[in-house]
Amino acid sequence: MLQDLPTWQNYERIILAYSVRTQSELAYAERIEEIAEQFSELVDNPAKFTFVPIVTRESMDGALNARLPKLLTEGELEKRVGLKLDPDSSHVMLCGNPQMVEDTKETLKEMGLTMNRRGEGNIAVENYW
Ligand SMILES: Cc1cc2nc3c(=O)[nH]c(=O)nc-3n(C[C@H](O)[C@H](O)[C@H](O)COP(=O)(O)OP(=O)(O)OC[C@H]3O[C@@H](n4cnc5c(N)ncnc54)[C@H](O)[C@@H]3O)c2cc1C
């Protein structure tokens, strides 16, 4: 998705909340920053990109340290990026382990967001395996 030019043209902000269990699993962080730099140079007024590392089973400086549902419910993710999720303008793509995807989806629905159907709604999901 980050290597798709319209992503950079059609949004004001792109937030990548990248959740892993341990610090050693933050494998693609450098590559992601490279892609962000490269693609934001290709368009006028590119979306502002924010990478948020999340490590759930150990603490790490600079990373958030809880499961996504908790970070959303307690407002910690929104606080970190300085942006509120908005049913009128936010799009959320969830990808990862099925339980995390399911729990995060239900949390977002409780926050007023809806599943995307035929281009309407806020949430799209993909189970990673
Ligand atoms: C590019 C990418 C690829 C990935 N690939 C994989 C992969 O192949 N396999 C894989 O396993 N993960 C993968 N992940 C990570 C995965 O998607 C999760 O984000 C990560 O494992 C953290 O899961 P979690 O938030 O459920 O927290 P966990 O670390 O699973 O849980 C954190 C704590 O909460 C507890 N907990 C778990 N579930 C619940 C619940 N329902 N209610 C209350 N407490 C709970 C746990 O016991 C633990 O103490 C990938 C992530 C990325 C970014």
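**Note on the predicted model: two β-α-β units and a ligand between two domains**

1. S3, H5 and S4 form a β-α-β unit of right-handed sense. The model under discussion is a predicted one. Within this unit, strand S3 (residues 92-96) runs parallel to strand S4 (residues 123-127), and the pairing extends over 5 bridges. One position that fixes the register is Met93, which stands opposite Ala124 in S4.

2. A second right-handed β-α-β unit consists of S1, helix H2 (residues 29-40) and S2. Here the pairing of S1 with strand S2 (residues 48-55) is again in the parallel sense, over 8 bridges. For Ile14, the bridge partner in S2 is Phe49.

3. On the scale of the chain, the domain assignment of the protein gives two domains, domain 1 (1-65) and domain 2 (85-129). A distance of 18 Å separates the C-alpha centres of domain 1 and domain 2.

4. Where does the ligand lie with respect to domain 1 and domain 2? It lies between them, because both domain 1 (1-65) and domain 2 (85-129) give residues to the shell around the ligand.

5. The ligand has 12 residues around it, and those that come nearest are Ser19, Arg21, Thr56, Arg57 and Arg67. By residue class, the shell around the ligand divides into 4 nonpolar, 4 polar and 4 charged residues.

6. Several polar approaches to the ligand merit individual inspection. In the case of Arg57, a polar side-chain atom lies 2.7 Å from an oxygen atom of the ligand. For Arg67, the separation between an N or O atom of the side chain and an oxygen atom of the ligand is 2.9 Å. Asn97 takes part through its backbone: a polar backbone atom of Asn97 is 3.0 Å from an oxygen atom of the ligand.

7. How much of the ligand's accessible area does the protein cover? On its own the ligand has 970 Å² of accessible area, of which the protein covers 61%. The elements that supply two or more residues to the shell around the ligand are strand S1 (13-20) and helix H5 (98-110). Both elements have already appeared above: S1 belongs to the β-α-β unit with H2 and S2, and H5 belongs to the unit with S3 and S4.

Methods:
Residues are numbered from 1 along each chain as its sequence is written. This is a predicted model: local features need pLDDT of at least 70, side-chain atom pairs count only at pLDDT 80 or more; totals for chains, interfaces and linings use all residues. Side-chain values use heavy atoms; hydrogens and water are left out. A residue is near a molecule or strand if one of its heavy atoms lies within 4 Å of it. A polar contact is a pair of N or O atoms within 3.5 Å; within protein, one must be able to donate a hydrogen and the other to accept it, and residues adjacent in sequence count only if both atoms are side-chain atoms. Accessible areas come from the Shrake-Rupley method with a 1.4 Å probe; for residues, only the protein chains shown count as cover. Helices (H or I, at least four residues) and strands (E, at least two) are DSSP runs, numbered from the N terminus. Ala, Val, Leu, Ile, Met, Phe, Trp, Tyr, Cys and Pro count as nonpolar, Asp, Glu, Lys and Arg as charged, and the others, Gly among them, as polar. Domain bounds come from an automatic or database domain assignment. Two strands pair if DSSP finds at least two bridges between them. A crossover is right-handed if, with the strands pointing away from the viewer, the path from the first strand over the helix to the second runs clockwise.
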